Structure formats: structure tokens, C-alpha cells
Amino acid sequence: MKRVLTARFMHETNTFSRVPTDMAMIRRRDYHLENEIPIAFRGTRSAFGATFEAADKFGWTLVHPVSANPNPSGIVTDDAFERIIRMILDAVDAKGPIDGALLHLHGAMVSESREDAEGEFLARLRRRLGTAVPIIVTLDLHANVTQQMADNASALIAYRTYPHIDQYERAWQGAELLERAMRGEIRPRTVIARRPMIYGLDHGRTQRGPMAELIARGEAIERSDGALVVSICAGFSRANIRDVGPSVTVTLDDQSARAQEIAEEFMDYAWETRDFSTVKLLSVGEAVALARQGKPGDKPLIVADYTDNPGGGGYGDATAFLKGLVDGEVGGIAFHAICDPEAVQQGMRAGIGAKTTLTLGGKIDPPMGGGPLSLTGEVVCLTNGRFIAYGPMGGGIERDYGPSMVFRVGGIDIIAITNNGQAVDLGQFTSLGVDPTRYRTVAVKSMQHFRAAFEPIGREVILVNTGALCSEIYTPELFTKVRRPVWPLDPF
Ligand SMILES: [Zn+2]
């Protein structure tokens with residue numbers, strides 16, 4: 001019976017965030033050890049869900065030491081990085097010999113000492129397992145993929161959807177590849193191509209444009225057996241590291257010059273289309289004016305704060321748009337969310353039905369999207385913030401936003417949460433008694449992932465710029481560590 005190592009260690013590190021990612025942050029949500037992992041993920045449409053099904057199908061014995069998936073935030077402490085990696089490497093020693101590995105990583109993790117945290121981890125695992133053992137890795141399509149990652153993984157399989165709804169399918173693809181490799185049918189080898197660019201491919205949007213075109217071309221090559229895997233990553237641009245940016249990795253059976261040719265050809269296209277963008281940001285004033293519109297019976301307008309996206313390391317506590325709504329006395333608004341554990345605790349002490357004044361949001365870095373707001377309102381709902389997410393990105397997995405509250409200020413139902421996270425599931429409203437389909441306007445904080453669940457319930461989607469942490473700012477002052485010359489900092 002084959003013994004397969006699987007583990008999940010995913011973090012998208014926004015190096016500009018002032019919130020460090022330490023063990024306390026990692027333990028706060030979606031953190032499971034050993035036998036907790038099958039309980040949490042068996043039967044779900046997730047990467048681990050697929051991994052457990054594949055183990056049943058192929059008769060693998062799984063070794064599953066840890067699943068860690070903290071919300072995107074600042075640099076991972078060396079302590080946290082080393083602890084999680086040690087759990088995985090110790091499991092290899094204690095429960096080996098290992099015949100193959102199927103790992104679920106993000107690909108944009110930065111620790112205090114390692115800009116390329118996943119590359120460092122894969123290099124250490126490769127040394128431990130040796131060159132003959134296949135290591136298959138699923139990645140987020142926002143991975144900043146490096147040469148070190150390509151050299152030490154047998155295959156890198158990136159998501160092909162943004163919003164990301166294909167983790168399950170990608171993990172199955174990885175499992176089938178791993179099984180073939182362990183049987184000795186194939187020897188997967190991966191090459192990488194990159195260009196001097198901080199971002200591109202429309203930040204990975206897969207609805208239309210160059211990302212969608214390259215994914216379709218890659219899948220056609222896979223179907224015709226021209227490659228085992230073609231992965232296109234848009235990169236994660238909120239990272240001041242040398243290797244930030246898009247990449248294409250190609251996996252073929254054994255060494256082949258053709259793999260590099262495909263990768264270079266694809267990256268030529270990413271380079272040519274680097275200016276392409278489908279994003280149009282409105283000012284707070286413009287968004288407030290639109291939020292006021294809507295007739296009774298209309299579906300809601302969906303307004304997303306693009307720049308305070310907790311899914312990209314945003315603090316989730318920017319107040320500029322909320323302030324615009326309050327000052328404009330706009331009603332019929334459901335607002336998700338202000339991440340403010342202190343305000344939630346104050347609301348809990350006041351109790352349901354209490355009329356009270358709270359200082360809400362804007363506390364972590366006030367210039368980033370607006371400072372604290374003093375608001376008088378009513379505490380209308382309090383929950384533990386836990387529910388099972390059944391939406392397109394939910395997979396039937398429990399989510400935990402920590403103690404949560406609905407605070408009603410005039411005609412605005414403001415959701416305040418303890419554990420930061422972007423709006424991706426209607427349950428983030430309905431679990432608090434807020435039916436988002438019944439409001440004039442639904443405000444969320446997210447760049448793109450909200451679309452999977454919220455676009456279908458809205459009449460229109462607009463994006464607002466509050467000047468928060470995830471603003472599109474590319475200057476040499478911010479990107480001090482990136483390789484140069486690089487677009488768009490230098491002329492090409
Ligand atoms: Zn992503």
C-alpha cells in the first residue's frame with residue numbers, strides 16, 4: 001500500500017500589512033491537526049475532500065499532519081513558518097517511508113527570513129524525500145512561483161478559476177498524476193518561465209481576457225497529451241519581494257526542451273497583454289450616489305470595496321465607504337463588514353436590543369481607507385460567527401468569523417466580525433439574520449471572489465476605491481526588493 005504525505009499550508013502574504021502572521025493568527029481559524037483533518041474535510045468539495053476520495057480509490061494510506069490556512073495578512077513569523085514545516089517533516093520521519101506527496105499550498109507566502117517560503121519548504125522536503133519520490137503541489141493562481149518551487153516540485157497545479165471554485169478538481173488532477181508517477185508510468189518534471197513584470201494577466205481574472213485565453217490553450221495542450229500540466233499564475237502583486245509576478249509552469253514526462261518552449265510562448269503573450277485590465281474603480285462619492293438608487297422590488301446593487309479586500313491582506317476595517325453612506329443618510333444597506341473584535345465585544349456587553357455608541361473600524365492603520373467612526377445604533381444580532389458555507393466557494397466546509405454582530409445605524413445594517421475575511425458566501429449575511437436579497441444595496445469588501453455568490457443576487461456590480469491597503473500602487477518606494485528593471489516601475 002502506497003503511503004502518501006498530504007498537508008495544507010496556505011498563506012497569501014501582503015508584505016505591506018502591519019499585521020504579522022504568527023501562530024496565534026494561524027490557530028484562529030481553519031487550523032486542523034492530524035485526525036481533525038478528515039473530520040473537517042471528508043465529503044467536502046475541497047482540495048482535501050478530493051485527496052481523501054483519491055486515497056480511497058487508489059488505496060493510499062494518507063499521512064496528514066496539518067492543515068493551516070490563515071487569512072491573508074502580513075509577513076509570517078519565522079517561528080510560525082518553522083513550526084508548521086517541522087510538523088510536516090517530522091511526520092515524514094515518524095510515519096514514513098513516504099512514496100509520494102500531494103500538498104496544498106498557496107505559493108505567495110513570505111516569512112521573516114524567506115521571501116520564497118514555499119520554495120524553501122519544498123527544497124527541504126525534497127532533501128528529506130530524495131529525488132525519486134514525486135511531490136505534486138496544488139497552488140492558488142495568485143502564487144508568485146519561483147525557480148526553486150519548480151525545481152523541487154514534480155508538478156505545480158494552479159487553480160484555473162477566479163473566483164476560485166476548482167480546488168477540488170485541481171486536487172483530483174494532482175492525485176491522478178501522483179498515482180501514475182508512483183506506479184512508475186511517468187517521471188514528471190516542471191519548468192518555469194517569467195518576465196520582468198510585477199503584475200499582469202488582469203490579476204488573474206478568468207472570465208475573459210489573456211488569463212482565460214492562456215488557460216484554454218493550456219488545457220488544449222493537456223488534452224492532446226502535449227504536456228501533463230500547464231499552469232498559469234497571475235502572481236500576487238502586494239508583495240515586495242524579488243520574484244513577485246506572473247509565471248507559467250509546464251510539466252512534462254521527463255526532461256524536455258518542449259516544456260520550456262511552451263512556457264516561454266505563453267509568457268510572451270502575458271507580457272504583450274500586460275496592460276489589459278477589466279477593473280474600473282469608482283470614487284466613494286460616485287458609489288454612494290449609486291447606492292442610493294434602486295426601486296422597490298429591484299435586486300440589490302452590489303458594491304465591493306476593492307481596496308480593503310481581506311482576501312488580499314486588507315485589514316477589513318476601512319470605513320471610508322461606510323462613512324459616505326452614514327453621512328449621506330442612505331438607507332436599505334447591508335454592509336459586510338468591519339473587522340473589529342473590540343467593537344464586537346462592546347456590542348456583546350451592551351446586549352441584543354441595546355442602543356449604544358461604538359467606535360467602529362479604522363483602528364489598525366487609519367490612513368488606509370478611513371479612520372474610526374463613532375456611530376450610535378442598535379445591536380440587533382449577536383452570533384459566534386460560525387456556519388457551514390454551501391455557496392460556490394464554500395464546499396460545505398465550516399467557516400469561523402469569530403464573535404459577530406449586526407449593528408443597525410439608521411437604515412444601514414453593519415456586520416462587525418472578529419476574524420477577518422472577505423465576503424464570499426451568502427451565509428456571511430444570512431447566518432446573522434440579514435437576507436441580502438432584500439436590501440437596496442449590499443456592500444462587501446472583496447476584489448473578485450464575492451462575484452461567485454453575490455453577482456447572481458445583484459442587479460449590478462460596482463467597485464469602489466477607498467484608498468485602503470490593497471490599492472493599486474506600484475512605486476519604487478514600495479517595491480524596494482523587486483528585481484529591476486521591472487514593469488511598470490521601469491520603461492520598456
Ligand atoms: Zn487567489
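These legends walk through several close-up views of a predicted model. Residues are numbered from 1 along each chain as its sequence is written, and side-chain values use heavy atoms, with hydrogens and water left out. Since this is a prediction, local features need pLDDT of at least 70 and side-chain atom pairs count only at pLDDT 80 or more, while totals for chains, interfaces and linings use all residues.

**View 1. The zinc ion sits among Asp140, His142 and His164.** Asp140 gives two OD donors, His142 gives ND1 and His164 gives NE2, at 2.1 to 2.7 Å from the zinc ion. Donors here are N, O and S atoms within 2.8 Å of the metal (3.2 Å for Na, K and Ca); water is not among the atoms, so sites may look incomplete. Along the chain, the donors follow the spacing D-x1-H-x21-H. The two histidines link distant parts of the chain, 22 residues apart: His142 is in the loop between β6 (135-139) and α6 (147-152), and His164 is in the loop between β7 (155-158) and α7 (167-182). Helices (H or I, at least four residues) and strands (E, at least two) are DSSP runs, numbered from the N terminus. Both His142 and His164 are buried, where buried means under 20% relative accessible area, exposed means over 50%, and partly exposed is in between (1.4 Å probe, protein chains only).

**View 2. The angles at the zinc ion make an irregular site.** The 4 donor atoms span angles of 52 to 144 degrees. Four donors count as tetrahedral if all angles lie between 85 and 135 degrees; four count as square planar and six as octahedral if opposite donors are over 155 degrees apart and all others between 65 and 115; anything else is irregular. For reference, the ideal angle for four tetrahedral donors is 109.5 degrees.

**View 3. Asn144 is tucked into the loop between β6 and α6.** Asn144 is buried, at a relative accessible area of 4%. A polar atom of its side chain lies 2.8 Å from the backbone nitrogen of Phe236, and the Asn144 side chain also reaches the backbone nitrogen of Gly245 at 3.0 Å. A polar contact is a pair of N or O atoms within 3.5 Å; within protein, one must be able to donate a hydrogen and the other to accept it, and residues adjacent in sequence count only if both atoms are side-chain atoms. Not counting residues up to four places away in sequence, Asn144 touches a list of residues including Gly107, Ala108, Met149, Ile241 and Asp243. Contact means heavy atoms within 4.5 Å.

**View 4. Gln173 is in helix α7.** With a relative accessible area of 16%, Gln173 is buried. Its contacts, leaving out residues up to four places away in sequence, are Ile157, Arg160, Glu222, Leu228 and Val229.

**View 5. Thr77 lies in the loop between β4 (66-68) and α4 (78-95).** Thr77 is buried at 14% relative accessible area. Its side chain reaches the backbone nitrogen of Ala80 at 3.1 Å. Setting aside neighbours within four places in sequence, Thr77 is in contact with Thr21, Asp22 and Glu112.

**View 6. Helix α11 (residues 320-327) has its buried residues on one face.** Phe321, Leu322, Gly324 and Leu325 are the buried ones. Seen down the axis of α11, they fall within an arc of 160 degrees, so they line one face of the helix; the arc is that of the directions from the helix axis to the C-beta atoms. Just after α11, Glu329 takes a positive phi of about 50 degrees.

**View 7. An open sheet has 9 strands with mixed pairing.** The strand order is β11-β21-β12-β20-β13-β19-β18-β15-β14. Two strands pair if DSSP finds at least two bridges between them. The edges are β11 (281-282) and β14 (355-360), each pairing on one side only. At the β11 edge, 2 bridges join β11 to β21 (residues 460-464) in parallel, with Leu281 partnered by Leu463. At the β14 edge, β14 pairs with β15 (residues 373-383) in the antiparallel sense over 6 bridges, and Thr359 has Ser374 as its bridge partner. Moving inward, 5 bridges join β15 to β18 (residues 404-409), which run antiparallel, and Glu378 stands opposite Arg408.

**View 8. Thr475 is in the segment after β21.** Thr475 is partly exposed, with a relative accessible area of 22%. The C-alpha atoms of Thr475 and Asp225 are separated by 42 Å, with the two residues 250 apart along the chain.
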